[in-house]
Amino acid sequence: MSTVRGETNGETVFANKAGERRGYSAIAIRKAFRRAGLYDCTIHTLRHTHATRLVQNGLTIQEVKAVLGHTDIRTTMRYVHLEQAVVTRKARDIVNALNAVNFTGDGRA
């Protein structure tokens, strides 16, 4: 796909002046981490956190797979960790909602 200089093709988040995928400088990113006081942070940490936050905010694993550009869902699963407290809360909310329907008589067969 051809793009006009300065325009992106819609598939790239950060583009260079030609509208193509922008590279990054690992040295510059490490320097930014140090300035921010993030001494144990890496580029991989950012990718991992991004994937986890996408799931926490409602994206499905399949959608995160597409965002990250993975071809195999098993690769995506390595990035995404479901927090037990969140899973427990969601399960409790579903059970409570079902119980509320059954106890009010609305769910009678």
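**Close-up views of helices α2 and α3**

**View 1. Contact between α2 and α3 in the predicted model.** Arg47, His50, Ala51, Leu54 and Val55 of α2 make contact with Ile61, Val64, Val67 and Leu68 of α3. By class, the residues of this contact comprise 7 nonpolar, 1 polar and 1 charged. The angle between the two packed helices, α2 and α3, is about 145°, and their axes lie 9 Å apart. The crossing of α2 with α3 is right-handed.

**View 2. The largest nonpolar core.** Seven residues form this core: Ala51, Leu54, Val55, Val64, Leu68, Tyr79 and Val80. At least two of its residues come from each of α2 (43–56) and α3 (61–68). α2 gives the largest share, with 3 residues.

**View 3. Buried and exposed sides of α3.** The buried residues in α3 include Val64, Lys65 and Leu68. Val64, Lys65 and Leu68 lie on the same side of α3 because the arc they cover around the axis is only 105°. Gln62 and Ala66, on the other side of α3, are exposed.

**View 4. Surroundings and end of α3.** Two helices, α2 and α4 (73–79), pack against the buried residues of α3. Among these buried residues, Val64 and Leu68 also belong to the largest nonpolar core, and both take part in the contact with α2. Glycine 69 follows α3 and has a positive phi, near 80°.

Conventions:
Residues are numbered from 1 along each chain as its sequence is written. This is a predicted model: local features need pLDDT of at least 70, side-chain atom pairs count only at pLDDT 80 or more; totals for chains, interfaces and linings use all residues. Side-chain values use heavy atoms; hydrogens and water are left out. A nonpolar core is a set of buried Ala, Val, Leu, Ile, Met, Phe, Trp, Tyr and Cys residues joined through side-chain atoms within 4.5 Å. Buried means under 20% relative accessible area, exposed over 50%, partly exposed in between (1.4 Å probe, protein chains only). Helices (H or I, at least four residues) and strands (E, at least two) are DSSP runs, numbered from the N terminus. Axes are lines fitted to C-alpha atoms, for helices over the stretch in contact, and angles run from 0 to 180 degrees between N-to-C directions. A crossing is left-handed if the near helix is turned anticlockwise from the far one by less than a right angle, and right-handed if clockwise. Contact means heavy atoms within 4.5 Å. Ala, Val, Leu, Ile, Met, Phe, Trp, Tyr, Cys and Pro count as nonpolar, Asp, Glu, Lys and Arg as charged, and the others, Gly among them, as polar. The arc is that of the directions from the helix axis to the C-beta atoms.
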